[in-house]
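Reader: I'd like a close look at one part of this protein, at the bench-chat level. Could you pick a helix and walk me through what surrounds it?

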Amino acid sequence: MSELDDLYQEVILDHNRSPRNFRKLQDANRTADGYNPLCGDQITVYLKLEGNLIKDVTFQGSGCAISKASASMMTSSLKGKSVDEAEALFEKVHKMLKGELDGKVNPGDLGKLEVLSGVCNFPARVKCASLSWHTLHAALHGEGVTTTE
Ligand code: ZN
């Protein structure tokens, strides 16, 4: 697993050790479950939407360090954002993880999420990192359950 060392940067390790917003959101009005069968990562995303605004977003679940850190960073970046901004960020992160940013998006736009950019070099880990984002997408669209397959 030594090729993964580059991925386990301090930020990822920190978010894995003490994930932000790792709790059930009692007054959530949208939730979705996500599952990545390749790795066994499971996540539930809780959203509290007020109109077009994400008032709060939390998650629970179990999985590898990448999936948990990605969910932790996602919830930290989305609180207080509009649904449109969240969808735009989802698109950017998705492209970043697949290594398709190709200059159209400034990686700096992604803030701390940029630490996940190295994941695109490890195809088996892309689904770990994108699981929380797909699950968020499902929650926003009321789909309830999503899987990376
Ligand atoms: Zn994983």
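**One helix up close**

Author: Helix H2 is followed by Gly-80, a residue with a positive phi, near 90°. Keep in mind that everything here comes from a predicted model.

Let's start with the length of the helix. H2 covers residues 65–78, which is 14 residues, and at 1.5 Å a residue that should give a span of 20 Å. The C-alpha atoms at its two ends are 20 Å apart, so the expected span and the model agree.

Now for the surroundings. Is H2 mostly covered or mostly open? Mostly covered: 12 of the 14 residues are buried. Among them are Ala-65 and Ile-66 at the start of the list, the neighbours Met-73 and Met-74, and Ser-77 and Leu-78 at the end. Several serines are on the list too, including Ser-67, Ser-70 and Ser-72. What does the covering? The cover includes strands E2 (41–50) and E3 (53–62), along with helices H1 (10–17), H3 (83–97) and H4 (123–140).

Ser-67 is a handy residue to zoom in on, and it sits in H2. Its relative accessibility is 8%, and because buried means under 20%, Ser-67 counts as buried. The Ser-67 side chain makes a polar contact with the side chain of Asp-41, at 3.4 Å. Setting aside residues up to four places away in sequence, Ser-67 touches Asp-41 and Cys-128.

Two of the covering helices also pack against each other. The axes of H3 and H4 come within 10 Å and cross at roughly 155°. That makes the two helices, H3 and H4, roughly antiparallel. The crossing of H3 past H4 is left-handed. On the H3 side, the residues that meet H4 include Val-83, Ala-86, Phe-90, Val-93 and Leu-97. On the H4 side, the residues that meet H3 include Val-126, Ala-129, Trp-133, His-137 and Leu-140. As a rule of thumb, an α-helix has 3.6 residues a turn, so residues three or four places apart point the same way.

One last stop is a glycine in a loop. Gly-40 lies in the loop between strand E1 (30–36) and E2. Is Gly-40 buried or partly exposed? It's partly exposed, with a relative accessible area of 32%. Apart from neighbours within four places in sequence, Gly-40 is in contact with Tyr-35 and Ser-62. Gly-40 and Ser-62 are 22 residues apart along the chain, and their C-alpha atoms are separated by 8.3 Å.

How values were computed:
Residues numbered from 1 in each chain as written. Predicted model: local features only at pLDDT ≥ 70, side-chain atom pairs only at ≥ 80, totals over all residues. Heavy atoms only, no water. Helix = DSSP H or I, 4+ residues; strand = E, 2+ residues; numbered from the N terminus. Expected span 1.5 Å × (residues − 1). Buried < 20%, exposed > 50% of the residue type's maximum accessible area, 1.4 Å probe, protein only. Contact = heavy atoms within 4.5 Å. Polar contact = N/O pair within 3.5 Å; in protein donor to acceptor, adjacent residues only side chain to side chain. Axes fitted to C-alpha atoms, helices over the stretch in contact; angles between N-to-C directions. Parallel < 35°, antiparallel > 145°, perpendicular 65-115°, else oblique. Left-handed = near helix turned anticlockwise from the far one by under 90°.
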